[in-house]
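This report concerns one helix, the cysteines and one loop residue of the structure shown below. Please keep the sequence at hand while reading.

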Amino acid sequence: MPLKEPGSERSTRARVARLILEHGPIAASALGERLGLTPAAVRRHLDALLAEGMIEPRTARPRGQRGRGRPAKLFAITNAGRSAFVHAYDDLAGSALRFLSERLGEEAVADFARTQVEGLLQRLEPVMRQVPPDQRVQVLAQALSEEGYAASASKAKSGGDQLCQHHCPVAHAAAEFPQLCEAETEAFAQLLGTPVQRLATIAHGDGVCTTHVSPQSLGAPYRATAEKSKETGG
């Protein structure tokens, strides 16, 4: 057994961890299919990640079965695994926001948070005007993924859509300064032109940041109010 793990092994293991971060909880078989790995190779990498505390096992019963059948074994990223992807940036953001809060107060933090999402608004608002309403959540998820949030979009069972962010580069800072999450949520509503509601956040200890997006049919009054607010400078 070599004393130093080959670079290719480390690279593949990082890809496994990244896929679990973005799509977990996920089964070993799905990991193998997505990455083109044999069951033995997937198991080797999963065992290593489990030993390092980067991932954790979970169980889920097959859909449509109640108390029957063998529960499926899934793998999810842990807080330690999530932190391994980006930690220094989060620490720096937290330090900067504490300094801002102490010197200028909480309102300055809120202004900073709104400024941070302004770039996203400026880039996507022209795009959203050209995209059919039923495709906007998917476009937003793709844009967020490009910025490191590992986002995905799906239809919500209760109606509307569900936007999930499987990674948050500033989770620890957002836990201390909720203004970051609030500004982001406001930006999502503005971009999508319909009310949204945050159901869960990584900052509060949930595994995924989950946002429910109301059906576009409910967004007309919201869009009218938003346009009026823009015109009056409110």
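On one side of helix H2, Ser29, Glu33 and Arg34 are exposed, lying opposite the buried residues. Exposed means over 50% relative accessible area, buried under 20%, and partly exposed in between (1.4 Å probe, protein chains only). Helices (H or I, at least four residues) and strands (E, at least two) are DSSP runs, numbered from the N terminus. This is a predicted model, in which local features need pLDDT of at least 70 and side-chain atom pairs count only at pLDDT 80 or more, while totals for chains, interfaces and linings use all residues. Residues are numbered from 1 along each chain as its sequence is written, and side-chain values use heavy atoms, with hydrogens and water left out.

In H2 (residues 28-35), Leu31, Gly32 and Leu35 are buried. They lie on the same side of H2 because they cover an arc of only 100° around the axis, the arc being that of the directions from the helix axis to the C-beta atoms. Just after H2, Gly36 has a positive phi of about 70°.

The structure has zero disulfides, a disulfide being a pair of cysteine sulfur atoms within 2.5 Å. The table lists two cysteines whose sulfurs are too far from the closest cysteine sulfur for a bond.

| Cysteine | Closest cysteine sulfur | Relative accessible area |
|---|---|---|
| Cys168 | Cys209, 5.3 Å | 12%, buried |
| Cys181 | Cys209, 6.0 Å | 16%, buried |

Ala150 is in the loop between helix H7 (136-146) and strand E4 (151-155). Its phi is near 45°, a positive value in a residue other than glycine. Ala150 is buried, with a relative accessible area of 6%.
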